[in-house]
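Q: I am new to this structure and would like to learn how to read its features one at a time. Could we start with how strands are paired?

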Amino acid sequence: MFTIYGKPHCSLCIKLKMVMDLLGKKYEEKILGVDYTEEEFREKFPGKNLFPQVELEGKYIGNCNQTVAYLKEHRVF
């Protein structure tokens, strides 16, 4: 299952969730300020400042564009 680390009102987060929904991919959404803090985000994704950041079963995939590229590369769509 994918885990999407996003923040409130993030347009790329919304777009990525729409892609996941259209593809029928299961995901868990974690929201900044609700499920994790900025400090926890920096610890989990050092050097990353774009939202969303995505993991697949604990393995780091990347930001929105990297995740879409991953899905294409693995012929998910």
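A: Two strands are said to pair if DSSP finds at least two bridges between them. With that in mind, and remembering that this is a predicted model, we can turn to one pair of strands.

Q: How many bridges join strand β3 to strand β4, and in which direction do the two strands run?

A: Strand β3, which covers residues 53-56, is joined to strand β4, residues 59-62, by three bridges, and the two run antiparallel. One residue to look for is L56, whose bridge partner in β4 is K59. Between β3 and β4 lie two residues, and the two strands form a hairpin; in its turn, E57 has a positive phi of about 50 degrees.

Q: Where does this hairpin belong in the order of elements along the protein chain?

A: Read from the N terminus on, the elements follow the order β-α-β-α-β-β-α, which corresponds to three helices and four strands. The protein chain has a radius of gyration of 12 Å, close to the 11 Å that the globule rule gives for 77 residues, so it is as compact as a globular protein of that length. Taken along the principal axes, the box that the C-alpha atoms fill is roughly 35 × 20 × 20 Å.

Q: What share of the contacts in the protein chain with a separation of 6 or more comes from residues 24 or more positions apart?

A: A contact here means heavy atoms within 4.5 Å. Among the contacts with a separation of 6 or more, 57% are accounted for by residues 24 or more positions apart.

Q: Which cysteines are joined by a disulfide?

A: A disulfide is a pair of cysteine sulfur atoms within 2.5 Å, and by this rule the count comes to one. The disulfide joins C10 to C13, with an S to S distance of 2.5 Å. The torsion about their S-S bond is about 75 degrees, so the disulfide is right-handed. As for C64, this cysteine is in no disulfide, and the nearest cysteine sulfur, that of C13, is 7.9 Å away.

Q: Is C64 buried or exposed, and how should I read the relative accessibility of C13?

A: A residue counts as buried when its relative accessible area is under 20%. C64 is buried, because its relative accessibility is 8%, and C13 is buried at 3%. C10 is buried too, with a relative accessible area of 8%. Over the whole protein chain, 36% of the 77 residues count as buried. The chain exposes about 5,200 Å², of which carbon and sulfur atoms supply 51%.

Notes:
Residues numbered from 1 in each chain as written. Predicted model: local features only at pLDDT ≥ 70, side-chain atom pairs only at ≥ 80, totals over all residues. Heavy atoms only, no water. Buried < 20%, exposed > 50% of the residue type's maximum accessible area, 1.4 Å probe, protein only. Rg over C-alpha atoms; globule rule 2.2 N^0.38 Å. Areas by Shrake-Rupley, 256 points an atom, 1.4 Å probe, with all protein chains shown as cover.
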